[in-house]
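Me: Could you take a close look at a single part of this model, the way its strands are paired, and follow it carefully from one strand to the next? Please add what packs around such parts, since I would like a connected account.

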Amino acid sequence: MTDAVDTDRPDPLTVLRLLAEEVPSHRFEELLLRADQTCSAHERDRLEQAVRLAHVIHASQHRRRQREDGLAELVDTARDMTHPHDLGELMRVISRRVKRIIKADMACIGLPEDDGTLRLHAVDGATTGLWAEVRLAMGSGQQAMTTGAPLWTADYLNDDRFEHSPQADELVRAEGIRSLLAVPLVHGDGTLGVLFCASRTVRHLTPDEIGLACSLAALGALALKRAERLQDASDEVSELESDGFRTRTALARLQQLADVRSHLMGLLLSGADLDILAQAAADALDGTVQLRNPAGLIITATAHLPDLDDNAVTEVSWDAQAQRTPMMQGEDTWVAPVVAGAENLGFAVLRPATPLIGEDERLLYLITQIFALQLLLQHGTAAAEGPVHDELFDELIALPSGGSRRAHRVEQRLSRAGLDPAAPHVLLAVRIEGGSHGRAMMWASSYAHRQGGLKTARDGNIVLLLPGTDASDTARSVADELSAVLGHPVTVGASGPGRGPTEAGRLHQEAVRCLEALTTLDAIGSAAAPDDLGFVGLLLSEGHDVGGFIENSIGPLLAYDRENDTDLVKTLEAYFATGASPSKAADTLHIHANTVSRRLERVTALLDPQWQQPGRALDIQLALRIHRMRALLRADTAGAPHA
């Protein structure tokens, strides 16, 4: 009872007792009110001094408890950070802890981006989603990172010490932020980012609160760096595991390929035909396999591919042959060349059920090698001396004129290759003016095979020997098709027709001279035979076919005069002799000018509307002169006396 009375007595001893009991501060104020009624002025002064000291001690005790609580939180945070976390979870732990330690309304971590802005992570306490949508200019974060010291303000928007940016100020207003603390996350000599704490009231942080935030930032920076290293190590381990898995998978696939190779070779050595080999290849590929000859015709197939574009496949095959490597056609089809040395034996079209990756592509090479071996075994020498064999064509061109044992042997080889030596043929010399020469050679090989001819390469040109009688049409056809394939022009000189193996050498010389004439005439990218070149072709021709030149130039006029007893040739001679003047020609012929005009109209109908063009007119005039000269010489020969 005495203690209770003493506790209410307004004197310094009571203040000490209340302070020892850690009573709330308002109890001291109640003690002062009672002192106003019972104590003297001197006692009242002493009591006020004691109460003031009690308030100081009470505040000190409160700060000490806060500091102890903060340190306890810091210890718990350090313990939390020792647990394995990924970077995202660790940043959320740091934000949550610092928000609780200094009793802030919001906390987050800002990490610098490559463009110099800050991206906010692990935002705790936000009321809007704006923080996740924008990148902030460094501002106070940059200042904290630069100085390495914490920065704080009791009222951010009204504090001019900080660099303000419209984006940052807009976000601060949206969140209702007033007080702001920015603490750098320092690790070693570098700064990883900034730890932000914010309150929605004007607040003056105490040194203890700032110190706790700095301590937590130091722990957080260490934990973040450790987490980064652990993440890097984990990524490296994962990559090593992936590499190991890929290596094991590749080794397993190589073993499978070795097994497939052994199986296919066993089938080949046991005498299996192409159909069996193709089916075995399709089973190994888990797809469809087609083997085609150089012309693109199917030799064997395990299934039909109705959606396959044969023209596109043929074009891709030329590139595949030129580069000696399988190539994709479309999204799911492979075209692989089948070759033996320098010979093009055809190509394989392969469509696997699943995309080929890594070592799987070696299966394509294996399949084509097996096909090549089987084709060589089936055809023997014929596969090496087929219709596209360069050596045979080169020997054919080198044959001398006239019969010989050598020519007879070449005829026999041509017959074995399926070619008729006595059939008419034309020879083309093709010069590539751009694009891939290898692609052109593959096309020429395929084209010669389709046409039943031969191809070779001489002096940088592609040389083709093809069945036919019209060298001009054949040259233009080859030029058009090959130019479209290459996307670049080609120049083609042609000669023929010829018969027999000994004609190839002469035809080759004429075709090459024709090709050189086209170059001289600045007609690169065109195709022509000697007959197309007028009198130039007459000079280039080995046999100097004067009669053929006259027939090509004015043959229709000569025939018309013979059949109708007219004078079109004589009228045309007078027309050219008088400088292409119908009236002067009429005077020379002693006929009416209208008659000359009608005859010239008949000439146009018999020749063509372009007969008066300079080049054509020159050929016609030369043909007229040669015709008249031949007529005079024949008349002299006929009238000469016999010995």
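**Strand pairing in detail**

Reply: L185 stands opposite G193 in β5, and this is one position in the antiparallel pairing of strand β4 (residues 179-187) with strand β5 (residues 190-199), which extends over nine bridges. The model is a predicted one, in which local features need pLDDT of at least 70 and side-chain atom pairs count only at pLDDT 80 or more, while totals for chains, interfaces and linings use all residues. Residues are numbered from 1 along each chain as its sequence is written, and side-chain values use heavy atoms, with hydrogens and water left out. Strands (E, at least two residues) and helices (H or I, at least four) are DSSP runs numbered from the N terminus, and two strands pair if DSSP finds at least two bridges between them.

Both β4 and β5 belong to an open sheet of five strands, arranged in the order β2-β1-β5-β4-β3 with antiparallel pairing. The edges are taken by β2 (118-124) and β3 (151-153), each of which has a single partner strand, so one side of each is left without a neighbour in the sheet. On average, and ignoring direction, neighbouring strands of this sheet are turned by 20° against each other; such angles are taken between axes, lines fitted to C-alpha atoms (for helices over the stretch in contact), and run from 0 to 180 degrees between N-to-C directions.

At the β2 end, β1 and β2 run antiparallel and are joined by five bridges, with P112 standing opposite L118 in β2. These two strands form a hairpin with five residues between them, and G116 in the turn has a positive phi of about 90°. Helix α5 (residues 87-101) lies across β1 (106-112), β2 and β5, at about 140° to β1, where contact means heavy atoms within 4.5 Å.

Another set of pairings centres on strand β11 (residues 425-432), which is mostly covered, with seven of its eight residues buried; buried means under 20% relative accessible area, exposed over 50%, and partly exposed in between, with a 1.4 Å probe and protein chains only. Six bridges pair β11 in the antiparallel sense with strand β13 (residues 461-467), and in β13 the residue opposite A429 is V463. β11 also runs antiparallel to strand β14 (residues 490-498), to which seven bridges join it, and I432 has V490 of β14 as its bridge partner.

As for packing, the largest nonpolar core (a set of buried Ala, Val, Leu, Ile, Met, Phe, Trp, Tyr and Cys residues joined through side-chain atoms within 4.5 Å) has 30 residues, and L264, L285, V289, V338, L350, L363 and F371 have the most contacts inside it. Two or more residues are given to this core by each of α8 (207-269), α9 (274-285), β6 (287-292), β9 (333-340), β10 (343-352) and α11 (362-379), and the largest share, eight residues, comes from α11. Within it, V289 touches A278, A281, A282, T300, A301, T302, V349, L350 and F371, not counting residues up to four places away in sequence. Apart from this core lies another of 27 residues, which includes W318, V430, M442 and V492.
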